[in-house]
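Please open the model in a viewer and keep the selection panel at hand. The tour proceeds by selections, each followed by a description of what is found there.

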Amino acid sequence: MTVIPLQVVAYKAGSVFAGAALLWVKEASSWRLMWIIFGSLYIICLGLIWGLGLGYSGDRKENEKKQPVDDGYEGLSLEFLVANWQRMISVPGTVWMVTFVMFYKLCERGEGTIPIYLVDKGVSVSSLAFWTGVVRSVASIGGSAVSGFLLSSESGRVKASELMLRTACLRIIPITFQFIIILCWGREPVTDLGGLNTDTVLYYLSILCLVLANFCAGLMTTACFTTMMSLSQSVPTSIQSSHYSLLSTMEVLGKLMFASVAGILIDLAGLEMVFILFVTFSILTVPLLVKMPDFDKIKPFCDTN
């Protein structure tokens with residue numbers, strides 16, 4: 001299962017460079033240099049995909065020569081999709097997993113709200129680009145890397161379920177402290193971040209909470225995707241890819257579901273009230289994990305045919 005941590009870490013590393021690092025480049029130099037680098041990355045990606053497509057096309061032709069064609073397949077239909085969906089949902093643990101992946105990231109929307117709050121407080125964009133961009137993302141990658149090490153078969157340090165439960169308890173702390181900082185700091189613009197004063201202390205405390213929250217997010221995400229892959233590997237081969245795609249789609253839906261309405265809720269109810277929701281969601285994740293099925297005993301599906 002080491003491949004899952006590697007995928008998560010590599011994905012997040014790319015996000016850091018394409019997002020936070022390029023924003024820092026723009027602040028340090030110019031829009032022109034940032035877009036030159038951005039365009040170059042797209043060209044490199046196109047070349048890599050083109051090369052991958054050539055290799056895949058050749059392998060597929062070789063496999064088609066060796067394997068007989070399945071004439072029983074009649075194409076997609078509504079009945080086929082419904083039956084496939086029912087097969088996936090009927091897999092033990094799938095309903096719990098779908099519920100969890102749609103819920104566990106709702107509280108993490110606070111980490112995306114804090115940088116906006118700091119902008120409203122008048123903190124310079126260049127400072128935010130470094131702390132809430134690069135440093136925050138590195139913390140998330142670090143969390144994923146640590147999670148991958150702990151979950152790898154070579155180390156055998158901790159089970160995925162145990163790591164998820166401990167991380168869920170730990171991330172309550174930074175999310176709660178973010179709420180406390182907002183209550184104490186208020187909405188007035190900062191006056192001076194150069195010396196030792198209230199604004200400076202609260203600013204760096206907010207950054208510390210943000211970094212810790214993202215470290216926990218990295219731990220949780222890698223453990224969660226490892227569990228998702230373990231569950232999908234336990235189902236018949238014919239629906240493994242569909243089953244994992246279902247879980248991944250629900251995870252993305254949970255990530256975006258609250259993000260799409262968070263701004264409206266902040267405008268209507270206020271930042272403080274929305275952060276009460278963030279704290280509540282983080283606490284409710286713990287009992288949800290306590291009811292988690294024993295995925296650690298799941299064995300990969302073996303096709304006996």
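How many salt bridges does a search of the whole structure find? The search finds five salt bridges in this predicted model. Three of them serve as stops below, followed by a cavity and a helix.

**Stop 1: helix 7**

Select Glu162 and Arg166, whose side chains meet in a salt bridge with an N to O distance of 2.5 Å. The two residues are four apart in helix 7, so about one helical turn separates them. Arg166 counts as exposed because its relative accessibility is 56%, over the 50% cut-off. Glu162, with a relative accessible area of 30%, is partly exposed.

**Stop 2: helix 9**

Move to Glu251 and Lys255, which lie four residues apart in helix 9, about one turn of the helix. Their side chains form a salt bridge at 4.0 Å, N to O. Is Glu251 buried or exposed? Glu251 is buried, at 1% relative accessibility, whereas Lys255 is partly exposed at 38%.

**Stop 3: a salt-bridge network**

Next, select Lys105, Glu108 and Arg171, which are joined into one network by salt bridges that share partners. Within this network, display the pair Glu108 and Lys105: their closest N and O atoms are 3.1 Å apart. Glu108 has 9% relative accessibility and counts as buried; Lys105, at 10%, also counts as buried.

**Stop 4: the cavity**

Keep Glu108 and Arg171 selected, as both belong to the lining of the largest cavity. Add Cys107, Gly110, Glu111, Ile175, Gln178, Ala213, Cys216 and Ala217 to complete that lining. The structure holds one cavity of 30 Å³ or more, and the largest cavity contains about 50 Å³ of space. Which helices each supply at least two residues of the lining? They are helix 5, helix 7 and helix 8. By class, the lining residues comprise five nonpolar, two polar and three charged.

**Stop 5: helix 10**

Finally, select residues 271-290, which form helix 10. This helix of 20 residues reaches 30 Å from its first C-alpha to its last, close to the expected 28 Å. Colour its buried residues, among them Leu271, Phe275, Phe278, Phe281 and Leu289. Ser282 and Thr285 are also buried in this helix. To see what surrounds these positions, display helix 4 (94-103), helix 5 (109-120), helix 7 (160-185), helix 8 (198-232) and helix 9 (237-269), against which the buried residues of helix 10 pack.

Technical notes. Residues are numbered from 1 along each chain as its sequence is written. This is a predicted model: local features need pLDDT of at least 70, side-chain atom pairs count only at pLDDT 80 or more; totals for chains, interfaces and linings use all residues. Side-chain values use heavy atoms; hydrogens and water are left out. The expected span of a helix is 1.5 Å times one less than its number of residues. Buried means under 20% relative accessible area, exposed over 50%, partly exposed in between (1.4 Å probe, protein chains only). Contact means heavy atoms within 4.5 Å. On a 1 Å grid over the protein atoms alone, a cavity is a set of points where a 1.4 Å probe fits but cannot get out, and a pocket is an open set with protein on both sides within 12 Å along at least five of seven lines; lining residues have an atom within 4 Å of a point. Grid points are joined across faces, edges and corners, and a volume is the space filled by probe spheres set on the points. Ala, Val, Leu, Ile, Met, Phe, Trp, Tyr, Cys and Pro count as nonpolar, Asp, Glu, Lys and Arg as charged, and the others, Gly among them, as polar.
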